[in-house]
Amino acid sequence: MTACAIEPAAANEENGDGEDGDGEIGNGDGETPRTERALTEDGETPRTGYAVTEDGSVPRTACVITVDGSYAARLARGGDSWFPERWTLDGPEPYAVPLPGNQPEEPGTEVQPMGDGRVLIRRFADGRHTFSLLYPTGPRTGELPLGAIECPEEGTVLRLLPPAPGGEKAYALAVGPLSSAVWLVAGGAFGPEHLAQVPGRCSGGVWLDRAGRMLALDRETGGRTKAVVVDLERGGEVSPLLQIADGSDDRLLLADPDSGLLLISSDAPSPGRPRLGWGVLGSTLPVRFPECLRVADCTLTPFAIQPGQVLVPESCGVALRVDGPTGSWVGVWRPAARQVQHLAAPEGWLAGAGLWTEDGELLLPYATAQAPCGVARWTAAPGDGALAGEAEGPGGTGATGAGDAGPEGSEGGGGAAARSPEPDPPEPVVARPVPLQQAPLGNLVTK
């Protein structure tokens, strides 16, 4: 069992004078440019939070975006120091607000934007995970302590879960040797609150509904990993979600509550080698593993799904981070298409971060010395599914051609994606999670 103790929050405090408000702090001239990447506690460069590496660990993204796309937060760097930074994305143009504290942050510190513009920060020191909400107040940073969690059991690791729908609450996952605990760390009445205890070691974390009730976790028990659903309103009741084959490792990487589209990693079709596949929540059809999602010498990691496509999951745009021998770029794919469109990532892309809009626009945040806060926008060209884009930010705008490919030599196709066929009348999507049991694997690998 994962044993964690709760410590009450301290009194409200600020790092500076001024009223509690949403005063914005612009980037003054001469400020040290931010780097585009943060570091994990072990010194490694984080990646996206939805893929699984060969050793089973879950990499993270350097920039976290709210579900509605209003705000983003990251741990930025100024010289040799790290500090939280909030990005506002829903205005005429994106802008950043630095939120430095009284002292520099550690490289492994986690930040997450809330729906009201405040930034949740998780710090670890002296065996305690402390949580606070940061906000701009005049020229300084205001800080509201939320309390702390202490996990005395050796080997327990605590991480923030991806932003919850609504933006009012935030959650963390404490993974111990034999079980995992889900905590409400922001938005509760009395500081951190223990919500659920799940047998087994869990990783990942994907929200399946817009209410923030159904949380999917990848649970390892008996040497195998299967995705399960935790109902946070029924005392943490656990039910199976992915059971593709008895001996397979089946993980949920990403989900869209509107269409029910699921992006899945499983070694069922190729034992010992994870494949990227897709399915639909509540559908009777099996998970499919398109051949186009296998790119030689590259790793594909889904990081964003187009929302709002109710009952038509095949039409959802899916953004992929593609990591290859020559670097990282962006892939765009739809379940109805038979190839991946490869796009050159904007310079300084905060790799693994991005957001689809309901209108089919893909937003990619980036940071450079000239534009410390920018967003590249890619939109589907009418008729052929190709993408055209432009970058916006304080540093100016620049156009990018449609269908820009990744580094030369990358396989898996380029150019415009295949046009989506006219879908058949869709079946109603079941609102509650049901297990995805796969039929025999003979005909499930599709082109």
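Here are some notes on this predicted model, point by point.

1. Confidence first. The chain averages a pLDDT of 79, and 72% of the residues score at least 70. The top of the range is strand β12 (residues 170-175), with a mean of 98, while the bottom is strand β31 (residues 398-400), with a mean of 31. So I'd treat β12 and β31 quite separately when reading the coordinates, given those means of 98 and 31, because predicted coordinates should not be read in detail where pLDDT is low.

2. Two stretches to handle with care. Residues 11-59 have a pLDDT below 50, and in the model this stretch makes 138 contacts beyond near neighbours in sequence. Residues 438-447 also sit below 50, with 26 contacts counted in that way. Where pLDDT is low, the fine detail of predicted coordinates should not be taken at face value.

3. The largest nonpolar core. This core has 20 residues, and those with the most contacts inside it are Leu263, Leu293, Leu300, Leu320 and Trp333. Which strands each supply at least two residues of this core? They are β20 (250-255), β21 (261-266), β22 (275-280), β23 (299-305), β24 (318-324) and β25 (327-333). As background, nonpolar side chains in soluble globular proteins tend to be buried together.

4. Leucine 320 up close. Setting aside residues up to four places away in sequence, leucine 320 touches Leu276, Leu293, Leu300, Thr301, Pro302, Phe303, Trp329, Val330, Gly331, Trp333 and Val340. Among these partners are Leu293, Leu300 and Trp333, which are also listed with the residues that have the most contacts inside the core.

5. The other core. There is a second, separate core of 18 residues, and its members include Cys4, Leu133, Leu146 and Ala174.

6. The β3, β4 and β5 run. Strand β3 (residues 63-65) and β4 are antiparallel and joined by three bridges, with valine 64 partnered by alanine 73 in β4. Their hairpin has five residues between the strands, and glycine 69 in the turn shows a positive phi of about 80°. On to the next pair: β4 and strand β5 (residues 81-88) are also antiparallel, joined by eight bridges, and tyrosine 71 stands opposite threonine 88 in β5. Here the hairpin has two residues between the strands, with glycine 79 at a positive phi near 70°. Strand β4 (residues 71-78) itself is mostly covered, with six of its eight residues buried.

7. Another hairpin. Strand β13 (residues 179-186) and strand β14 (residues 193-199) run antiparallel and share six bridges. Valine 182 faces alanine 196 in β14 across the pair. There are six residues between the strands, and glycine 187 takes a positive phi near 100°.

8. Positive phi outside glycine. Most residues other than glycine have a negative phi, so two residues deserve a look. Aspartate 297 has a positive phi near 60°; it lies in the loop between β22 and β23. Is aspartate 297 buried or exposed? Aspartate 297 counts as exposed, because its relative accessibility is 66%. Leucine 311 has a positive phi near 70° and belongs to the loop between β23 and β24. At 31% relative accessibility, leucine 311 is partly exposed.

9. Cysteines. How many disulfides does the count come to? The count is zero. Cysteine 63 is in no disulfide, and the nearest cysteine sulfur, that of cysteine 373, is 8.8 Å away. That separation does not meet the cut-off of within 2.5 Å, so the two are not paired. Cysteine 373 likewise has the sulfur of cysteine 63 as its nearest, at 8.8 Å. Cysteine 63 is buried, because its relative accessibility is 3%, and cysteine 373 is buried at 0%.

10. A buried loop residue. Threonine 368 is placed in the loop between β28 (361-366) and β29 (374-380). Why does threonine 368 count as buried? Its relative accessible area is 12%, and the cut-off for buried is under 20%. Leaving aside neighbours within four places in sequence, threonine 368 is in contact with Glu347 and Gly348.

Note on methods
Residues numbered from 1 in each chain as written. Heavy atoms only, no water. Buried < 20%, exposed > 50% of the residue type's maximum accessible area, 1.4 Å probe, protein only. Helix = DSSP H or I, 4+ residues; strand = E, 2+ residues; numbered from the N terminus. Contact = heavy atoms within 4.5 Å. pLDDT = per-residue confidence, 0-100. Core = buried A, V, L, I, M, F, W, Y, C linked by side-chain atoms within 4.5 Å. Pairing = 2+ DSSP bridges.
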